[in-house]
Amino acid sequence: MAPKKTVSHEEKLKILHSWFQSSHDFYTLKEIEQKASKACKIPGMQVKELVSNLVDEGLIQQEKSGTTNLYWSFTYTDMMSKIEKAKRLKHDLETKRKFRDQLQHELEVLQTERSADVVPERSSQLKELNELYAEVDQLSEQNKQLQQYQEVEKLKAGIEFFADSIEIMISWLSNQSGVQGSELKKEMGIPLDLDNYDLKPM
């Protein structure tokens, strides 16, 4: 009989994270220990530690509602994080390109007005320009992640679905806890105008 395969800690984290994202719901720790333990085949005693690890890594969210801690992880949240990262990369790349173009222009002006003998610092400027080219090339490699950004239009439709799901969950929590939906959104960091979330490039 073949020995039972051991599931590593990292694999358990991935399995639990996938369970959260597939359920699109809010849970107390007790509910997670009961439901996720069964669905993910993870010993209940380990679930609390795994949940804590996922919260520390920012893969699931935790907020206090009344006297209870609620946990959740929506695909929407991960998607928005990737979009924001893509925006930052694009902005960084554009800044470097503008600086490179400015320096290139200044060098061209110097080349026109003076010779290399008159401007001994030209060689150091060329070196700086080459370093900038290398840096831009490196950013271009990172910019491959911007391929995800091209899918934003497709993801917008998904956001509408998740926004509706969030509104349903907020309504349920409001009915259960007696706390206004707007207050719950504020506690959980959910935009009040979620349907109008700005996805325009930086």
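Leaving aside neighbours within four places in sequence, which residues is Trp19 in contact with? In this predicted model, the partners of Trp19 are Tyr27, Ile32, Lys35, Ala36, Ala39 and Cys40. Trp19 itself lies in helix α1, and several of its partners reappear below, where the packing of the helices is described.

It helps to begin with the chain as a whole. The 202-residue chain holds 31% of its residues in the buried class. Its secondary structure consists of seven helices and two strands, and these follow one another along the sequence in the order α-α-α-β-β-α-α-α-α. Contacts that span long stretches of sequence are well represented: of those between residues at least 6 apart, 66% join residues at least 24 apart.

The helices α1, α2 and α3 can be taken pair by pair, starting with α1 and α2. The axes of α1 and α2 are 10 Å apart, and the two helices pack at an angle of about 110°. Because of this angle, α1 is roughly perpendicular to α2. The crossing of α1 past α2 is right-handed. On the α1 side, the contact is built from Ile15, Leu16, Trp19 and Phe20, and on the α2 side from Ile32, Lys35, Ala36, Ala39 and Cys40. Sorted by class, the residues of this contact comprise eight nonpolar, no polar and one charged.

Helix α2 (residues 29–40) also packs against helix α3 (residues 44–56), with axes that come within 9 Å and a crossing angle of roughly 120°. The angle makes α2 oblique to α3. The crossing of α2 and α3 is right-handed. Here Leu29, Ile32, Glu33 and Ser37 of α2 meet Gly44, Val47, Lys48 and Val51 of α3. The residues of this contact fall into four nonpolar, two polar and two charged. Ile32 is thus named in the contact of α2 with α3, as well as in the contact of α1 with α2.

The pair α1 and α3 completes this part of the picture. The axes of these two helices come within 10 Å and cross at roughly 80°, and α1 and α3 are therefore roughly perpendicular to each other. In this contact, α1 contributes His9, Lys12, Leu13, Leu16 and His17, while α3 contributes Gln46, Val47, Glu49, Leu50, Val51, Asn53 and Leu54. The contact of α1 with α3 contains six nonpolar, four polar and two charged residues. Leu16 takes part in this contact and also in the contact of α1 with α2. Val47 and Val51 of α3 meet α1 and also meet α2.

Between α2 and α3, the loop holds Lys41. Most residues other than glycine have a negative phi. Lys41, although not a glycine, has a positive phi of about 55°. Is Lys41 buried or exposed? With a relative accessibility of 73%, Lys41 counts as exposed.

Two residues of α1 deserve a closer look. Trp19 is buried because its relative accessible area is 13%, under the cut-off of 20%. Its C-alpha atom is separated by 9.1 Å from that of Ser73, a residue 54 places away along the chain. Ser73 also features in the surroundings of Gln21, a residue of helix α1 (residues 9–23). The side chains of Gln21 and Ser73 are joined by a polar contact of 3.4 Å. With neighbours up to four places away in sequence set aside, Gln21 is in contact with Ser73, Phe74, Thr75 and Asp78. Gln21 counts as buried, with a relative accessibility of 16%.

Further along the chain, Met188 belongs to helix α7 (residues 181–188). Which residues does Met188 touch, not counting those up to four places away in sequence? They are Phe26, Glu63, Leu70, Trp72, Ile170 and Leu173. Met188 is also buried, at 9% relative accessibility. Computed along the sequence, Met188 and Ser65 are 123 residues apart, yet their C-alpha atoms lie 8.9 Å apart in space.

Methods
Residues are numbered from 1 along each chain as its sequence is written. This is a predicted model: local features need pLDDT of at least 70, side-chain atom pairs count only at pLDDT 80 or more; totals for chains, interfaces and linings use all residues. Side-chain values use heavy atoms; hydrogens and water are left out. Axes are lines fitted to C-alpha atoms, for helices over the stretch in contact, and angles run from 0 to 180 degrees between N-to-C directions. Helices (H or I, at least four residues) and strands (E, at least two) are DSSP runs, numbered from the N terminus. Angles under 35 degrees count as roughly parallel, over 145 as roughly antiparallel, 65 to 115 as roughly perpendicular and the rest as oblique. A crossing is left-handed if the near helix is turned anticlockwise from the far one by less than a right angle, and right-handed if clockwise. Contact means heavy atoms within 4.5 Å. Ala, Val, Leu, Ile, Met, Phe, Trp, Tyr, Cys and Pro count as nonpolar, Asp, Glu, Lys and Arg as charged, and the others, Gly among them, as polar. Buried means under 20% relative accessible area, exposed over 50%, partly exposed in between (1.4 Å probe, protein chains only). A polar contact is a pair of N or O atoms within 3.5 Å; within protein, one must be able to donate a hydrogen and the other to accept it, and residues adjacent in sequence count only if both atoms are side-chain atoms.
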